[in-house]
Protein chains: 2
Amino acid sequence: MTDLIETLKGALSPGGVLTGEDAQAQAQSRWTRLGTPLAVLRPVSTAEVSTILKLAHAAGQPVVPWGGKTGLVDGAQADGALALSLERMNAIEDLDTAAGLMTVQAGCVLQTACEAAEALGWLLPLDLGSRGSATIGGNISTNAGGNRVLRWGMMRDMVLGLEAVLADGTVVSSMNRLVKNNAGYDLKALFVGTEGTLGVVTRAVLRLRARPASQDTAFVGVEAFDDLPRLLRRLERGLGGALSAFEVMWADFHALVTTPPARGRPPLEGRYPYYVLVESMGGEPAEDQARFERVLMGALEDGEIADAAIAKSKAEREAMWALRDDVAQTGRNAPIIAFDVSLGIGDMEAYVDGVRAAMAARWPGEASLVVFGHMGDGNLHLIAGMGSRESADLHALEDIVYRPLRAIGGSVSAEHGIGLQKREYLAWSRSGPEIALMRTLKASLDPRGILNPGKVFAA
Amino acid sequence: MTDLIETLKGALSPGGVLTGEDAQAQAQSRWTRLGTPLAVLRPVSTAEVSTILKLAHAAGQPVVPWGGKTGLVDGAQADGALALSLERMNAIEDLDTAAGLMTVQAGCVLQTACEAAEALGWLLPLDLGSRGSATIGGNISTNAGGNRVLRWGMMRDMVLGLEAVLADGTVVSSMNRLVKNNAGYDLKALFVGTEGTLGVVTRAVLRLRARPASQDTAFVGVEAFDDLPRLLRRLERGLGGALSAFEVMWADFHALVTTPPARGRPPLEGRYPYYVLVESMGGEPAEDQARFERVLMGALEDGEIADAAIAKSKAEREAMWALRDDVAQTGRNAPIIAFDVSLGIGDMEAYVDGVRAAMAARWPGEASLVVFGHMGDGNLHLIAGMGSRESADLHALEDIVYRPLRAIGGSVSAEHGIGLQKREYLAWSRSGPEIALMRTLKASLDPRGILNPGKVFAA
């Protein structure tokens with residue numbers, strides 16, 4: 001491989017190839033295992049990405065794309081591979097304010113893109129905890145979700161066009177700028193959510209939305225699980241398309257983020273088994289606020305919510321979101337394992353209770369489970385602890401969390417992807433013919449298996 | 001092929017194989033050329049579809065899927081092929097009113113599915129002129145669009161899961177019921193909008209939306225093209241997510257549908273170069289109506305609209321929609337050719353003027369052009385006549401309509417697909433590497449080329 005790396009040094013712009021300690025210094029993340037790459041490559045253009053892949057393809061050398069390095073499933077682990085970091089391809093190339101389109105390079109950090117859109121009166125609706133590190137390319141490769149999926153969909157729904165480099169270095173520029181385009185196959189889908197195993201995303205055209213003029217936020221307490229889906233439906237109908245977040249916290253999560261050393265304070269006086277952060281975004285601040293309060297009042301009168309605090313200021317809204325975002329408090333139960341699953345709302349209560357009971361039976365006195373998530377789209381995060389880092393315990397825990405999903409058609413990965421961590425559970429959410437078809441695509445687009453090998457399914 | 005057809009007669013349920021006159025009687029449509037199929041197959045189950053494809057695959061026999069047979073690009077032309085009609089697989093298998101999901105067989109007519117959802121308080125938002133004939137399977141295979149794309153997206157956005165049968169008869173059941181599911185590749189994309197060339201869709205899980213409680217409709221007159229995008233942005237922002245249609249009609253379209261023998265009457269007194277049918281759907285009838293009128297009043301005050309008629313009753317609303325839907329009036333200019341293109345709003349005025357001028361220059365005194373479309377998502381329909389059915393004239397017209405799209409990144413097919421009719425223009429909207437990648441997929445999934453051969457690109 002020394003020859004290949006020397007060739008790359010000659011082919012890429014200055015600073016394009018890091019090796020040794022310089023490479024290992026890049027392979028650090030508190031979120032994910034990045035392994036020990038042979039080198040870290042930092043192309044500055046699509047042409048350089050193409051050069052890298054052409055050479056790697058000829059050499060049969062694995063390449064692992066790197067974005068913000070804050071994924072949660074070890075999808076960027078690069079042991080023995082060339083890490084291909086998009087960090088120097090981070091420009092916002094164009095922001096078309098007439099059409100509401102942003103053309104951006106893959107290495108651009110999500111928050112940077114969001115702020116650029118906002119500054120010009122537009123909204124890039126993707127919103128997630130890692131917004132300050134995750135890149136647009138990573139968001140595309142993992143089909144990122146987050147807090148507003150129930151209104152604006154996942155990253156898939158924001159990508160109108162993209163450019164990707166195939167395993168052999170072929171550049172496929174599919175930079176469509178149209179909302180409606182049925183001229184031939186939709187090739188974007190090959191690269192959205194496929195975790196860099198079918199190509200390296202280099203650029204994208206993102207669809208922006210009108211920046212809302214109003215933002216109404218409430219923190220509500222709910223007495224019974226069955227009230228949650230009823231509340232959700234009421235908000236969907238009553239707010240007429242303006243509901244933008246429905247974030248549910250089980251009582252244990254709420255307790256954790258409102259108890260010292262956490263600095264959050266409970267927005268409501270009473271104690272409830274469930275709390276929901278509700279948000280609505282619209283176009284007329286005064287009218288929207290009145291409607292928001294009216295719909296919540298209806299829910300209060302009909303008993304779907306027991307109490308509600310409505311944010312009266314930006315500071316109050318930020319304090320509510322800070323509770324939801326203070327996931328780091330779950331570290332107080334360390335060692336912990338974070339899960340990201342998806343299931344029908346109707347199955348959630350029994351599922352969570354079942355996981356909790358099974359954990360308590362397996363690790364009496366040691367088990368902890370903190371639950372929260374984007375209930376509006378079926379996505380729950382479970383933060384589980386059992387006082388152990390043993391792999392036998394980890395496997396037992398995964399079995400407890402994932403196995404019940406099989407019977408109810410749940411997913412072992414709602415938004416984080418499969419990477420390495422969930423590979424052995426893929427078959428619990430997808431059938432044999434589905435996985436065979438994924439392998440057909442992989443073999444067809446990456447016949448030498450050099451693109452992020454071993455991720456999603458075994459090479 | 002006689003052997004194959006005899007084998008199929010034995011393998012399928014009674015009535016499963018039509019030949020001779022019975023077959024040809026099925027191959028009639030006023031919308032599309034269906035050709036002369038060897039036989040029309042009418043399976044009753046996914047297993048029967050699998051049997052058909054297994055046998056056809058072994059024999060290298062082309063198979064052409066049929067839905068409602070009202071496509072507009074000759075995508076179901078079945079000369080010398082086995083036509084595979086899904087008409088007997090038309091059941092609504094399940095309607096989950098708690099989760100808002102419908103499980104439906106491919107042959108179900110769109111309108112039937114919509115009405116079933118509505119009866120239970122839900123909305124299947126796909127809405128298009130052929131709703132009474134088009135099937136769910138056809139809507140999926142062509143990624144149907146229609147009148148509400150700006151709010152709820154295209155068919156692609158409504159399909160959570162689907163089942164398809166591959167060329168060799170393998171059944172891939174990917175009946176996901178979850179909004180968020182990143183467990184492996186999204187395989188649905190292989191079958192949505194690929195016009196039956198990669199597999200035969202047999203079933204689907206569709207995402208429903210809360211049925212809106214309010215529906216506000218207006219017909220407005222606009223003096224200048226530049227006012228249209230400003231009006232659209234105002235409505236998007238002011239209605240806070242409730243805007244569900246923004247259908248623009250050029251004056252020539254309006255004249256045609258409001259002049260005898262058309263029975264429509266103009267909703268506005270004055271004459272304007274552009275008219276827009278605007279619709280909003282929300283959750284609170286009285287409040288929504290007030291908001292709708294307020295936002296339109298703002299547009300009137302700021303001069304974006306010159307006049308507006310707001311529907312005061314269901315009958316008035318239906319009369320407005322009847323104007324928009326009375327596309328058949330364009331037949332008065334027969335012979336006509338219908339085009340379906342997509343381009344940026346900023347390019348539309350110059351584009352339409354350019355097409356009109358080029359047609360007038362080529363066919364002086366004979367040329368007619370009627371324009372309307374879903375401007376909210378960039379989709380225009382152009383109905384062109386030049387007093388000729390000669391293929392030289394048709395080619396000259398296609399050149400006039402499609403060629404300018406190349407420079408502005410437009411699409412030769414917004415929502416109708418490519419089929420046979422637009423095949424030679426695919427390369428005007430998609431690049432060489434894109435088409436090569438489409439062919440890679442085709443070769444990988446259908447190596448013998450039996451699935452709807454020659455559609456989208458030449459076999």
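Of the interface residues of chain A, 100% are also interface residues in chain B, so the copies meet through the same surface. The model is a predicted one, in which local features need pLDDT of at least 70 and side-chain atom pairs count only at pLDDT 80 or more, while totals for chains, interfaces and linings use all residues. Residues are numbered from 1 along each chain as its sequence is written, chains are lettered from A and ligands numbered from 1 in the order in which they are written, and side-chain values use heavy atoms, with hydrogens and water left out.

Contact, taken as heavy atoms within 4.5 Å, joins 87 residues of chain A to 87 residues of chain B. By class, the side of chain A that touches chain B is listed below, where Ala, Val, Leu, Ile, Met, Phe, Trp, Tyr, Cys and Pro count as nonpolar, Asp, Glu, Lys and Arg as charged, and the others, Gly among them, as polar.

| Class | Side of chain A that touches chain B |
|---|---|
| nonpolar | 34 residues |
| polar | 33 residues |
| charged | 20 residues |

The two chains bury about 6200 Å² between them, 52% of it on carbon and sulfur atoms; buried area here is the accessible area (1.4 Å probe) that two parts lose on being put together, summed over both. Of the area that chain A buries against chain B, A:Lys180, A:Asn182 and A:Tyr185 supply 17%, more than any other three residues.

Across this interface the rule finds 14 salt bridges, each a side-chain nitrogen of Lys or Arg within 4 Å of a carboxyl oxygen of Asp or Glu. One of the salt bridges joins the side chains of A:Lys180 and B:Asp377 (3.2 Å, N to O). Helix 15 (residues 432-445) of chain A gives the largest share of the side of chain A that touches chain B, nine residues; helices (H or I, at least four residues) and strands (E, at least two) are DSSP runs, numbered from the N terminus.

A rotation of 180 degrees with 0.0 Å of shift along its axis superposes chain A on chain B, with an RMSD of 0.0 Å, the fit being made by least squares on the C-alpha atoms of residues with pLDDT of at least 70 in both. The two copies are therefore related as by a two-fold rotation axis. In chain A, the C-alpha nearest the axis belongs to A:Gly241, 2.6 Å from it.
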